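Hi,

Here is the model I promised to pass on. Have a look at it first, and my notes follow underneath.

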Amino acid sequence: MLNKLIILLLFFICPLSYADLGQIHIKSYLQQKLLAKIEVNDISDNDIPTISIASLDEFRNLGVDYYSDIGLLRCELIKSNNGRYVLNITSLKPIDSSILNILLHYQVGTNDMYKQYTILLEPISLKNG
């Protein structure tokens, strides 16, 4: 428990990350395939991080709820036409959970970092309402 607290305190107090993961932008709705984008700042072309959805054990160790739909997610870091990096998060199938806690694990060299995003997927019927 103390280890988790120390990790969380360091995460919030010390900006030790090499990459700055920005806000998440959701482009889909509940019961659709997920399409989310995160702008990734402060990346040099020489030090591109490895970014992935954290493992089930990492979710458990950090005390983050793991929803079954998390197993459907895939990440891809791409360099856009303007030279900026974007992390695309997509799903293989439609997402049935209206709330998702996404825990990203990113690594530069031997440094491991985590960032959690909580997203709310609205039903498509609320889109116009």
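To start with the strands: how many bridges join S4 to strand S5 (residues 85-94)? Seven, and the two strands run antiparallel. Strands here are DSSP runs (E, at least two residues) and helices likewise (H or I, at least four), numbered from the N terminus. Two strands are called paired if DSSP finds at least two bridges between them.

Before the details, some housekeeping. This is a predicted model, so local features need a pLDDT of at least 70 and side-chain atom pairs count only at pLDDT 80 or more, while totals for chains, interfaces and linings use all residues. Residues are numbered from 1 along each chain as its sequence is written, and side-chain values use heavy atoms, with hydrogens and water left out.

**How far to trust it**

The pLDDT (the predictor's confidence in each residue, from 0 to 100) averages 83 over the protein, and 82% of the residues score at least 70. Confidence is lowest in helix H1 (residues 2-13), with a mean of 44, and highest in S5, at 96. Please be careful with residues 1-18: the pLDDT is below 50 there, and the stretch has 16 contacts in the model beyond near neighbours in sequence. A contact means heavy atoms within 4.5 Å.

**Overall layout**

The protein has two helices and seven strands, and along the sequence they follow the pattern α-β-β-β-α-β-β-β-β. Of its 129 residues, 35% count as buried; buried means under 20% relative accessible area, exposed means over 50%, and partly exposed is in between (1.4 Å probe, protein chains only). About 8200 Å² is exposed, with carbon and sulfur atoms supplying 51% of that. (Those areas come from the Shrake-Rupley method with a 1.4 Å probe; for residues, only the protein chains shown count as cover.) Among contacts between residues at least 6 apart in sequence, 57% join residues at least 24 apart.

**The four-stranded sheet**

S4 and S5 belong to an open sheet of four strands, in the order S1-S2-S5-S4, with antiparallel pairing. Strand S1 (20-26) and strand S4 (73-79) are at the edges with a single partner strand each, so one side of each has no neighbour in the sheet. Neighbouring strands are turned by 25 degrees against each other on average, direction ignored. For such angles, axes are lines fitted to C-alpha atoms (for helices over the stretch in contact), and angles run from 0 to 180 degrees between N-to-C directions.

If you want to walk across the sheet, here are the pairings:

- S1 and strand S2 (residues 33-41) are antiparallel and joined by five bridges, with His25 opposite Lys37 in S2. These two strands form a hairpin with six residues between them, and Gln31 in the turn has a positive phi of about 65 degrees.
- S2 and S5 are antiparallel too, joined by seven bridges; Val40 has Tyr85 in S5 as its bridge partner.
- Between S4 and S5, Glu76 has Asn88 in S5 as its bridge partner, and Ile78 stands opposite Val86 in S5. Their hairpin has five residues between the strands, and Gly83 takes a positive phi near 90 degrees.

One residue of S5 to click on is Pro94. Pro94 is partly exposed, with a relative accessible area of 40%. The C-alpha atoms of Pro94 and Lys33 are separated by 4.0 Å, although the two are 61 residues apart along the chain. Leaving aside residues up to four places away in sequence, Pro94 touches Gln31, Gln32, Lys33 and Leu72.

**The three-stranded sheet**

The other open sheet has three strands in the order S3-S6-S7, again with antiparallel pairing. Strand S3 (50-53) and strand S7 (111-120) are the edge strands, each pairing on one side only. The twist averages 25 degrees from one strand to the next. Four bridges join S3 to strand S6 (residues 99-108), and the two run antiparallel; Ile51 has Tyr106 in S6 as its bridge partner.

**An aromatic pair**

Rings of Phe, Tyr and Trp (its six-membered ring) pair if their centres lie within 6.5 Å; planes under 30 degrees apart count as stacked, over 60 as edge-to-face and the rest as tilted. The count by this rule is one aromatic pair. The ring centres of Phe59 and Tyr66 are 5.0 Å apart and their planes stand at 90 degrees, so the pair is edge-to-face. Phe59 counts as buried, at 0% relative accessibility, whereas Tyr66 counts as partly exposed, at 35%.

Cheers
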